[in-house]
Every structure is written in structure tokens, then in C-alpha cells.
Amino acid sequence: MKTNILYVATNNTSKFREIRQIAEDYGIHAQMPAVPVDVQEGVVSYEENALLKASFVTAQFGVDALGEDSGIEVPALGGFPGVISARFVAGSDQDRNNALLERMKALGHGQRQAVFKAYIVITLADGGHLTGYGELRGSIAGVPAGGNGFGYDPIFIPDGYDRTLGLLSEEEKNRISHRRKAIESAFRQYRGHSGNTAGER
Ligand code: IMP
């Protein structure tokens with residue numbers, strides 16, 4: 001019987017955890033590769049970075065692989081921090097949250113909208129790749145709240161909610177997240193490739 005194992009090209013254990021949980025809903029068993037994903041991320045696009053990560057694993061092991069790249073964008077700051085969300089300030093997630101909150105102070109009340117964007121690229125062992133995209137719209141909170149999730153979760157309030165992602169459970173976040181939507185889109189295309197049954201629910 002075919003087992004639907006898919007290697008996830010990430011060194012970020014929080015992201016891996018989310019991707020693994022979402023993938024399970026599609027009958028896919030996500031695994032982390034045995035070696036670190038050693039790629040130099042660029043500043044051009046999320047999609048390019050996701051492709052770089054997935055291609056690294058496919059080239060190393062000759063298997064299908066899933067790469068992900070994501071970030072948060074504040075339209076009133078011209079889309080900042082975007083593709084450099086993980087590194088526009090050195091230090092911890094908390095340092096970056098504080099740095100973004102600091103920049104938000106220059107903006108008016110009506111300018112706190114933000115969007116998380118995620119790209120998933122699945123590189124295929126027999127050549128080619130598939131791309132999925134997802135976004136989650138919301139706004140930046142005044143102060144951080146909640147210890148769940150990672151990254152900007154404590155300062156992001158999804159539209160339709162009155163709490164930050166940091167205060168939502170893992171299940172709640174995974175139901176609505178940009179990553180969930182991007183994975184769904186990629187798995188719809190992946191279904192049938194190499195005999196896998198992704199997405200047959
Ligand atoms: P990269 O994709 O590993 O380059 O980094 C993505 C950046 O966006 C990191 O700073 C993450 O913390 C942030 N990010 C992406 N998705 C999420 C999310 O679901 N919650 C909070 N932060 C996120």
C-alpha cells in the first residue's frame with residue numbers, strides 16, 4: 001500500500017508542527033529531513049524562497065518535498081516587513097514584534113490592517129513543482145497578548161475575532177491560517193501525483 005510521506009523542507013519546528021497537523025487532515029504524513037535545510041533565502045519573493053527550500057530536499061534525497069515561505073505585511077507600511085519578516089531585526093520573535101509595534105506608532109487608528117501570506121511549493125521527484133497560496137487578513141494589536149503559536153501571533157488579530165492568534169488554540173489557528181489555505185491549494189494539485197491520495201477525505 002502507498003504511504004503518503006512528504007518531506008517538509010524547514011528547520012522551523014513550530015511551522016513543521018502546524019504543517020504536520022494540517023497535512024494529517026489530508027492523509028499525508030509530514031516528516032522533517034534528516035539534515036538541516038541549508039539554503040540562503042532571498043529577498044525577492046516568498047514563492048522563490050519556498051521553491052529554494054523544497055528543491056534542496058528533492059535534490060538531496062530524490063523525494064517529493066514541501067517548501068514553505070511566509071510573512072506578514074502591513075499595507076500602510078508599504079507591505080513591510082514582508083519577505084524579510086523573519087529577519088528585519090536581529091534577535092527573538094519578541095524583539096521583532098516590539099520593533100513592528102514601534103513602527104505602527106507612526107500610523108493612525110485606521111491603518112492597523114495586516115495580512116499574513118504563505119506560499120507552499122511541492123517539488124516533485126520526477127520533475128516540476130506545484131505552488132499553493134494562502135492569506136489571512138486581520139490587524140495589528142496595540143500590545144502583545146498570548147503565548148500560543150510563534151512569530152507575530154501575539155500581535156495579530158484575525159478579522160472576525162477579538163483576540164490575537166497567540167490566544168487562539170492550535171486547532172483554531174490551523175482552521176483559518178494562511179498556511180492551511182496554501183497547503184489546501186497545493187494538495188488539491190498534488191493529488192494523483194506519484195500515486196498519492198492527498199486530499200481524498
Ligand atoms: P520564513 O518563512 O521562515 O522566512 O519566516 C516567516 C516569518 O513570518 C517569520 O518571522 C515568522 O515568524 C512569520 N510568520 C509566518 N507565518 C506566521 C504565523 O503563522 N504566525 C506568526 N508569524 C508567522
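I began with the largest nonpolar core, which has 20 residues; Leu6, Ile28, Leu66, Ile120, Ile122, Phe187 and Tyr190 touch the most other members. I note that this is a predicted model.

I then looked up which elements supply this core. Two or more residues each come from β1 (5-9), α1 (13-24), β5 (113-123) and α5 (178-190). Helix α5 contributes the most, with five residues.

I found a second core, separate from that one, with 19 residues, among them Phe88, Leu107, Ile155 and Phe156. As a general remark, nonpolar side chains in soluble globular proteins tend to be buried together.

**Ala182**

I picked one residue of helix α5, Ala182. Is Ala182 buried or exposed? I read a relative accessible area of 0% for Ala182, and the cut-off for buried is under 20%, so Ala182 counts as buried.

I listed what Ala182 touches, leaving aside residues up to four places away in sequence: Ala118, Ile120, Gly132, Tyr133 and Gly134. Of these, Ile120 also appeared in my entry on the largest core, among the residues that touch the most other members. I also checked Ala182 against Phe116, 66 residues away along the chain, and their C-alpha atoms are 11 Å apart.

**Fold and overall form**

I counted five helices and seven strands in the chain. Read from the N terminus, the order of elements is β-α-β-α-β-β-α-β-β-β-α-α.

How does the radius of gyration agree with that of a compact globule? For 201 residues such a globule would have a value near 17 Å, and I find 17 Å for the chain, so the two agree. Along the principal axes, the C-alpha atoms fill a box of roughly 55 × 35 × 25 Å.

I took the contacts with a separation of 6 or more and asked what part joins residues 24 or more positions apart; the share is 59%. Buried residues are 47% of the 201 in the chain.

**Surface and charge**

I have about 9600 Å² as the area the chain exposes, with 50% of it supplied by carbon and sulfur atoms. The chain carries 21 positive and 24 negative charges, and I find their mean positions 3 Å apart.

**A cis peptide bond**

I went through the backbone last. Which form does the peptide bond from Phe80 to Pro81 take? I find that bond to be cis, with omega near 0 degrees. Pro81 belongs to strand β4, which covers residues 80-81.

Methods:
Residues are numbered from 1 along each chain as its sequence is written. This is a predicted model: local features need pLDDT of at least 70, side-chain atom pairs count only at pLDDT 80 or more; totals for chains, interfaces and linings use all residues. Side-chain values use heavy atoms; hydrogens and water are left out. Helices (H or I, at least four residues) and strands (E, at least two) are DSSP runs, numbered from the N terminus. The radius of gyration is taken over C-alpha atoms; the globule rule is 2.2 Å times the number of residues to the power 0.38. Buried means under 20% relative accessible area, exposed over 50%, partly exposed in between (1.4 Å probe, protein chains only). Contact means heavy atoms within 4.5 Å. Accessible areas come from the Shrake-Rupley method with a 1.4 Å probe; for residues, only the protein chains shown count as cover. Lys and Arg count as positive and Asp and Glu as negative; His and the chain ends are not counted. The place of a charge is taken as NZ of Lys, CZ of Arg, CG of Asp or CD of Glu. A nonpolar core is a set of buried Ala, Val, Leu, Ile, Met, Phe, Trp, Tyr and Cys residues joined through side-chain atoms within 4.5 Å.
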